[in-house]
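This briefing covers cores, sheets, a helix pair and two single residues. Please read it beside the structure shown next.

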Amino acid sequence: VFKTTDFGATWISLTTADIKGFASVVKQDPINPALLYLGTEAGLFISLDGGKEWAAFKGGDFPPVPVRDIAIHPREKDVVLATHGRGLWIIDDITPLRSLTTELMSKSVAFLPSRPSTFDELGGDGWADGDGEFDGRGPRNGASIAYYQKKRHIFGDLKFEIFDAKGALIDTLAGDKRKGLNRLYWAMRMKAPKVPTGASIAGGAFVGPQVLEGNYTVKMTKGKETLVSNLEILPDPLSIHTKAEREAQFGLAMELYRVLESMTFTVDRIVDLRDQSKDLAAKATDESLKKRLTAFSSTLETLRNKYVPVKEGGGITGEERLRDYVATIYGAVTGYPGRPSQAQQERKDALKKDIAAADKEVDAFIQKELPALNQGLAAQQLSLKLLSHEDWQKAQKK
C-alpha cells in the first residue's frame, strides 16, 4: 500500500506489520481524509490516522475473507464490502468511525455521533424454501447508540437510560464493557407492560409500545461518571401513516398499557391478601376465626378468577379472563402502526367498564370483611395487611 501527494512523482509506503495478506483495494473516506479502508486477502483493515497504524475490522463477526472492492455510500453512510466467498457485507453507519480523533480517544469514555435512527414498518419476508432460498442477516432494526471506551469497563455500573422529551424514563439498557468503539441498539419501544400472573400466558402483551418519532435523551452511567447525549428518531420514509395516526395508535396502546398495569396491582393485592389469610388460618387457635379466614381466602381466589385464569393444566388452559381480553386488543393495537379502528376503541371502553365493576366488587368485599377479621386476629396479636400501591411499586423495582 503506497501513498502519493504529488500526483505520482513520489510514493510513501503505508504498509505496517498490522496488515495481513496482499492488498486488493484501498479507499479514503470522503468526509474524514485520515480514515482509510484497506481490503486484503485476509480481511478488512482500517486506519484512523492516514495509514500510520492499522487495525483489523472484526465488527459483526466479520470473517477473515478476501475483500476485493469497497464502496462508501454517500447517503446512508455505509461501507459496502465485496468479498470472495461471503458475498456482500455492509458496515452500517460509519458516522462513529469518522468522529474518532486522537483527542477523543484520549478520554476514558465518550459518546459518538450516529445518523438519525429510523423506524422500519416493513412486514415479514415470509418463507422462501427450496433451491432459491436466500439466507443473510439484514440491518439491525433499532436506534443506534455509539460510544467509545479507552479501557475495558470492570468496576461499577455501565448502563444507558432512555428519557423522553418530558424527562420520563422509558427504558434501561446494559452497556458492552469491552474497550474501543461500541454500538448499542435500542428497540425504540417502552418496556413490556406488567401483566397479571395467571395459570396461562397472556398472549399479545410481550412487548412495549413503539415510541413516537422525536428527540430522546440518553444518559450513560459508567461507575461514577455520567454522560448525556441526544438520540433522534425519524419516521419510516415509506410509511403510509401520518403522524396523527401514529399518535392515535400510541395513545390507545398506552391507555391499554396502563390498564394492564393497574390490573396487575389489583391481582397482586388479592394474591397477597389471600396468602396472608391462608397462613393466619393455620396459626389461628379459634376454630370460628379459622373458618372465616379460610372462607375469606376462598372468596379472594374466586374474585381473582374474574381477572386471570386460575385453572391449572399446562400452558394453555382454555380459560380467558379480563387480562386476556385486554392483552389481545393491546397486541392488535401495538402490532399495527396506523390509526386504531373504531371497534378497538369501543372494545377498550367496554373492557374498562367490566374491570371497574370487578374492582368495585373486590374493594367492597375487602372493606366489609377485613376490619372484622383483624378484630378477631388482634387477640393473637396478628393482622391482615392490605398491600398499598406504594409498597407494590417498590417491590416491582427490586
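Not counting neighbours within four places in sequence, Glu 301 is in contact with Arg 274 and Val 310, where contact means heavy atoms within 4.5 Å. The model is predicted: local features need pLDDT of at least 70, side-chain atom pairs count only at pLDDT 80 or more, and totals for chains, interfaces and linings use all residues. Residues are numbered from 1 along each chain as its sequence is written, and side-chain values use heavy atoms, with hydrogens and water left out.

**Two single residues**

- Glu 301 lies in helix α4 (residues 287-304); helices (H or I, at least four residues) and strands (E, at least two) are DSSP runs, numbered from the N terminus.
- At 24% relative accessibility, Glu 301 counts as partly exposed; the cut-offs are under 20% relative accessible area for buried, over 50% for exposed and in between for partly exposed, with a 1.4 Å probe and protein chains only.
- Glu 301 and Ile 270 are 31 residues apart along the chain, and their C-alpha atoms are separated by 7.7 Å.
- Asp 324 belongs to helix α5 (residues 322-334) and counts as buried, at 7% relative accessibility.
- Leaving aside neighbours within four places in sequence, the contacts of Asp 324 are Ser 200, Ile 201, Ala 202, Pro 309 and Glu 319.
- From Asp 324 to Leu 44 the distance is 51 Å, C-alpha to C-alpha, with their positions 280 residues apart in sequence.

**Nonpolar cores**

- The largest nonpolar core has 62 residues, of which Phe 160, Trp 186, Val 211, Leu 293, Tyr 307 and Leu 384 touch the most other members; such a core is a set of buried Ala, Val, Leu, Ile, Met, Phe, Trp, Tyr and Cys residues joined through side-chain atoms within 4.5 Å.
- Helix α3 (residues 243-283) supplies the largest share of this core, 14 residues.
- Apart from this core lies another of 22 residues, including Leu 44, Phe 57, Phe 62 and Ala 146.
- Not counting residues up to four places away in sequence, Trp 186 touches eleven listed positions, among them Gly 142, Ile 162, Asp 171, Val 211, Tyr 216 and Ile 233.

**Five-stranded sheet**

- Five strands form an open sheet in the order β11-β17-β16-β13-β14, with mixed pairing; two strands pair if DSSP finds at least two bridges between them.
- β11 (117-118) and β14 (169-174) stand at the edges with a single partner strand each, so one side of each has no neighbour in the sheet.
- β11 and strand β17 (residues 225-234) run parallel and are joined by two bridges, with Leu 234 in β17 as the bridge partner of Thr 118.
- β16 and β17 pair in the antiparallel sense over nine bridges, and Tyr 216 stands opposite Leu 231 in β17.
- The hairpin of β16 and β17 has two residues between the strands, and Gly 223 in the turn has a positive phi of about 60°.
- Strand β13 (residues 158-163) pairs with strand β16 (residues 214-222) in the antiparallel sense over six bridges; Leu 158 has Lys 222 in β16 as its bridge partner.

**Three-stranded sheet and a separate strand pair**

- Three strands form an open sheet in the order β10-β12-β15, with antiparallel pairing.
- β10 (109-112) and β15 (180-186) are at the edges, each with a single partner strand, so one side of each is left without a neighbour in the sheet.
- Strand β12 (residues 143-149) pairs with β15 in the antiparallel sense over seven bridges, and Tyr 147 stands opposite Asn 182 in β15.
- Strand β7 (residues 67-72) and strand β8 (residues 79-83) are antiparallel partners over five bridges, and Val 80 in β8 is the bridge partner of Ala 71.
- Six residues lie between the strands in the hairpin of β7 and β8, where Lys 77 takes a positive phi near 65°.

**Helix pair**

- The axes of α3 and helix α7 (residues 389-397) come within 11 Å and cross at roughly 105°; axes are lines fitted to C-alpha atoms, for helices over the stretch in contact, and angles run from 0 to 180 degrees between N-to-C directions.
- α3 and α7 are therefore roughly perpendicular to each other, a class that spans 65 to 115 degrees, while angles under 35 count as roughly parallel, over 145 as roughly antiparallel and the rest as oblique.
- Glu 261, Thr 264, Phe 265 and Asp 268 of α3 make the contact with His 389, Trp 392 and Gln 396 of α7.
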